[in-house]
Amino acid sequence: MFAPVVQALLAAAALTLTVHAQTPVAITGVTVIDGTGRAPQPGTTVLVRDGRIVAVGRDGTVPIPARTQRIVGRGKYLIAGLWDAHVHLSALGRDGLPTLVQHGITSVRDLGGNLATVRTWRDAAERGDVLGPRMRLAGPIVENAFWLKRVRELGVAGLARDLEERIPVSTDADAVKAVDSIAAMGVDVLKLRNAPGTSAYAALLAAAQRKGLRVAGHQPNRSIGLAGALAAGQRSIEHIEGLGEVESLPAASRDSIARAYAAAEIWITPTLAASFGRFVAESVTVARVAGTSSDADLSLVTETLRAFWRAQRELKAYDAPLEQYAGMVTGGLAGLRVLRAAGVKLMAGTDLGVLTLTPGQSLHQELKLLVDSLGLTPLEAIQAATLEPARYFGQGDVMGTVEPGRLADLVLLRANPLADIRNIGAIDLVMLRGRVVRTTEGGRR
Ligand SMILES: [Zn+2]
């Protein structure tokens with residue numbers, strides 16, 4: 001008898017909570033670069049309520065509710081919140097999360113680390129207990145068993161825990177077991193670093209496909225190659241070092257593989273900032289790791305990250321010689337240009353954790369490199385950090401553009417990023433989950 005009344009009251013209470021959960025925010029007079037490829041729209045009002053963009057339209061045409069927080073966007077540019085599509089948050093530490101957001105990074109794809117810990121950070125960020133981006137997590141890294149055994153034996157104390165958490169695979173049975181255990185953890189993506197042999201690789205990819213788990217991996221060795229990765233259904237290739245393979249193919253198969261990659265649901269994350277970091281002078285790297293360098297961006301480095309850098313330095317003797325590495329990067333860039341010309345999809349990611357990338361700032365550096373070294377337009381670089389990662393996760397109609405209905409993750413810039421991608425650093429304000437999380441007045445950059 002009372003049930004309908006109670007239900008109605010509960011519904012009303014829920015509605016009240018929802019309506020008052022957040023003050024609506026209107027950004028007016030702004031130039032919107034919506035990220036769809038549409039031309040910039042000056043003189044635009046963007047209305048945000050309850051974590052979503054509810055309206056985008058010319059100034060004066062969007063009704064603004066009472067008690068709306070107004071932000072004057074005249075002379076400024078609004079883009080969707082950025083992704084860093086390749087990070088290792090365990091290496092950064094929880095206290096580094098706000099730095100990411102302050103640099104406009106509202107989402108990350110974490111490609112390996114301590115799942116239990118990072119999951120608590122993700123949940124705390126979702127609740128608003130800590131300022132941190134949305135997180136998609138891989139959990140433990142799957143490794144070639146032989147490689148993992150060798151590196152563990154080197155006994156670098158600062159890497160012991162990280163290496164202990166990785167899952168070795170050498171046989172088909174290992175591969176299936178690894179996929180089963182990782183799928184049971186409820187991760188968003190499976191990270192394969194050094195691929196096992198051809199048979200175990202095929203078994204791993206097939207098992208992942210059965211579980212509906214997307215696999216992100218380094219480019220497998222040449223016996224598997226780009227064609228093998230494509231056939232097995234690997235969903236992203238991380239880094240460029242292996243892409244020199246493209247150049248070594250006969251012209252006809254090069255073209256057909258490029259076209260096949262462009263047509264497939266497969267993305268490449270070049271992580272150029274990490275590659276280029278290898279060519280910094282040794283003395284500069286030493287000073288950055290020690291914290292004695294005067295580089296302003298070092299203020300963004302957490303103690304956890306610095307300790308991780310120090311541990312990596314202990315493996316320096318095992319790095320490929322610089323000349324050899326330079327050849328891999330040059331070949332990789334050439335291969336990627338061929339793939340890119342055919343329309344292959346890219347994601348912007350940094351490999352944060354690697355020497356000596358600073359959180360947030362390194363993504364801005366990555367976007368500059370995508371433009372300067374790979375020839376993307378500034379808009380394409382922005383899309384690689386917004387719409388493309390969203391599409392990779394099947395969320396292209398939920399986030400990644402400035403359109404009604406999309407999640408209200410936004411970055412307001414003081415200068416036009418399409419005129420110069422370096423203006424991605426001219427951040428005036430970041431909105432995450434519909435809330436303004438940072439404003440600066442007359443900052444430098
Ligand atoms: Zn990585």
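Reader: Leaving aside its neighbours within four places in sequence, which residues is L78 in contact with, and what makes two residues count as being in contact?

Author: Outside that stretch of four places, L78 is in contact with I27, V30, V32, I33, V46, G73, V402, L410 and L412. Each of these counts as a contact because two residues qualify when their C-beta atoms, placed from the backbone, lie within 7 Å. This is a predicted model, in which local features need pLDDT of at least 70 and side-chain atom pairs count only at pLDDT 80 or more, while totals for chains, interfaces and linings use all residues. Residue numbers start from 1 along each chain as its sequence is written.

Reader: What makes a set of residues a nonpolar core, and which residues have the most contacts inside the largest one?

Author: A nonpolar core is a set of buried Ala, Val, Leu, Ile, Met, Phe, Trp, Tyr and Cys residues joined through C-beta atoms within 7 Å. The largest has 118 residues, and V46, L78, L204 and A348 have the most contacts inside it. Its largest share, seven residues, comes from helix 8 (residues 198-210), where helices (H or I, at least four residues) and strands (E, at least two) are DSSP runs numbered from the N terminus. Domain 1 and domain 2 each give at least three residues to this core.

Reader: How do you know where domain 1 and domain 2 lie, and how many residues of each are in contact with the other?

Author: The bounds come from an automatic or database domain assignment, which gives domain 1 as 3-80 + 406-439 and domain 2 as 82-139 + 185-189 + 235-392. Between them, 16 residues of domain 1 are in contact with 19 residues of domain 2. On the domain 1 side, strand 5 (77-80), strand 17 (427-432) and strand 18 (435-439) are the elements that give two or more residues, and strand 17 gives the most, with three.

Reader: Why is R433 called buried, and why is T23 called partly exposed?

Author: A residue is buried if 20 or more other C-beta atoms lie within 10 Å of its own, exposed if 12 or fewer, and partly exposed in between, with C-beta atoms placed from the backbone. R433 has 20 other C-beta atoms within 10 Å and is therefore buried, whereas T23 has 14 such neighbours and so counts as partly exposed. R433 is found in the loop between strand 17 and strand 18, and its phi is positive, about 55°, although it is not a glycine. T23 sits in the loop between helix 1 (3-21) and strand 1 (25-32).

Reader: What makes strand 6 and strand 8 edge strands, and what is the order of the strands in the open sheet?

Author: The open sheet of three strands has the order 6-7-8, with parallel pairing. Strand 6 (82-87) and strand 8 (134-137) each have a single partner strand, so one side of each lacks a neighbour in the sheet and both stand at the edges. Two strands pair if DSSP finds at least two bridges between them, and four bridges join strand 7 (residues 105-110) to strand 8, so this pair satisfies the criterion. Among those residues, V108 has M135 of strand 8 as its bridge partner. Helix 4 (residues 115-127) packs on the sheet, touching strand 7 and strand 8, and its direction makes about 155° with that of strand 8, the axes being lines fitted to C-alpha atoms, for helices over the stretch in contact, with angles from 0 to 180 degrees between N-to-C directions.
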